[in-house]
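The following exercises concern the packing of secondary-structure elements in one model. Please work through each task before reading its solution.

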Amino acid sequence: MTLNIPPSTASTKADFYQDLELQVQGIVQGQRNWITNLANVSSLIYHGLRDATGKPINWAGFYVLDQSVASSTNKEALILGPFQGRIACTNIEFGRGVCGTAAAEKRTLLVKDVHEFPGHIACDSASNSEVVVPLVLDGRVIGVIDLDCEVTEGFDETDASGLETVAKILVAACDWRGVV
Ligand code: SME
């Protein structure tokens, strides 16, 4: 299969998310493997959002439900999935950090200053703001999209709603074998 995904030429954030929606729909055409799709979507978001906004986005990727932990301890936890950026912490329990809180509360978290978020997990000391959007399949959180930025207030409602659309497309279009 050949990928034919036109790069975004957007210069505004709103245009970027419009392009991203189409690009993600293109990525999942004929490909249902979640690892493959999340890897490509991490790249689209990381490079595209940096190019479109000029903001120092330093991490874009996914954490997914860790079935091995859930079955051995009964506690739900996330494990690092495909991403772009520097290496990150690998395991996050539901309720911990921004990712675990978004997962436990099943809602998007827009954090203007991570240093003011109780329990924030600092994987990269360069990060100052963060947005986390849950992936919800049949009412159950099966992962999160996580973006970090080096400046405070790096993300806004446009990011939150654009990423929520991407989350819905991915949840429906991927085969989540190994995750659920
Ligand atoms: N800061 C996150 C941890 C993941 S990294 O940002 C990639 C958190 O508090 O959950």
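**Exercise 1. Determine which residues form the contact of α1 with α2, and describe the packing of these helices.**

Step 1. Lys13, Phe16, Tyr17, Leu20, Gln23, Val24 and Ile27 in α1 meet Asn37, Asn40, Val41, Leu44, Ile45, Gly48, Leu49, Ala52 and Thr53 in α2, where contact means heavy atoms within 4.5 Å. By class, 10 nonpolar, 5 polar and 1 charged residues make up this contact. Ala, Val, Leu, Ile, Met, Phe, Trp, Tyr, Cys and Pro count as nonpolar, Asp, Glu, Lys and Arg as charged, and the others, Gly among them, as polar.

Step 2. The structure is a predicted model, in which local features need pLDDT of at least 70 and side-chain atom pairs count only at pLDDT 80 or more, whereas totals for chains, interfaces and linings use all residues. Residues are numbered from 1 along each chain as its sequence is written, and side-chain values use heavy atoms, with hydrogens and water left out. Helices (H or I, at least four residues) and strands (E, at least two) are DSSP runs, numbered from the N terminus.

Step 3. Helix α1 spans residues 13-27 and helix α2 residues 34-53; they pack at an angle of about 160 degrees, with axes 10 Å apart. Axes are lines fitted to C-alpha atoms, for helices over the stretch in contact, and angles run from 0 to 180 degrees between N-to-C directions. The two helices are therefore roughly antiparallel (angles over 145 degrees; under 35 counts as roughly parallel, 65 to 115 as roughly perpendicular and the rest as oblique).

**Exercise 2. Establish how α1 and α5 are oriented, and which residues meet.**

Step 1. The packing angle is about 5 degrees, and the axes lie 10 Å apart. That makes α1 roughly parallel to α5.

Step 2. From α1, Lys13, Ala14, Tyr17, Leu20, Glu21, Val24 and Gln25 meet residues of α5 that include Gly162, Val166 and Leu170. The contact comprises 8 nonpolar, 4 polar and 3 charged residues.

**Exercise 3. State the strand order of the sheet and identify its edges.**

Step 1. An open sheet of 6 strands has the order β3-β2-β1-β6-β5-β4, with antiparallel pairing (two strands pair if DSSP finds at least two bridges between them).

Step 2. β3 (91-93) and β4 (109-111) each have a single partner strand, so one side of each is left without a neighbour in the sheet. From one strand to the next, the twist averages 25 degrees.

Step 3. β5 (residues 129-137) and β6 (residues 140-149) pair over 9 bridges; Val131 has Leu147 in β6 as its bridge partner. β1 pairs with β6 over 7 bridges, and 6 bridges join β1 to β2.

**Exercise 4. Decide whether Ala160 is buried or exposed, and place it in its surroundings.**

Step 1. Ala160 belongs to helix α5. This helix (residues 157-173) lies across β1 (57-65), β4, β5 and β6, at about 30 degrees to β5.

Step 2. Ala160 counts as buried because its relative accessibility is 4%; buried means under 20% relative accessible area, exposed over 50% and partly exposed in between (1.4 Å probe, protein chains only).

Step 3. Leaving aside neighbours within four places in sequence, Ala160 is in contact with Thr108 and Val133. Its C-alpha atom is separated by 7.2 Å from that of Leu110, 50 residues apart along the chain.

**Exercise 5. Find how many residues of α4 are buried, and what they pack against.**

Step 1. In α4 (residues 97-105), 7 of the 9 residues are buried, among them Cys99 and Ala102.

Step 2. These buried residues pack against β1, β2 (77-85), β3, β4, β5 and β6.
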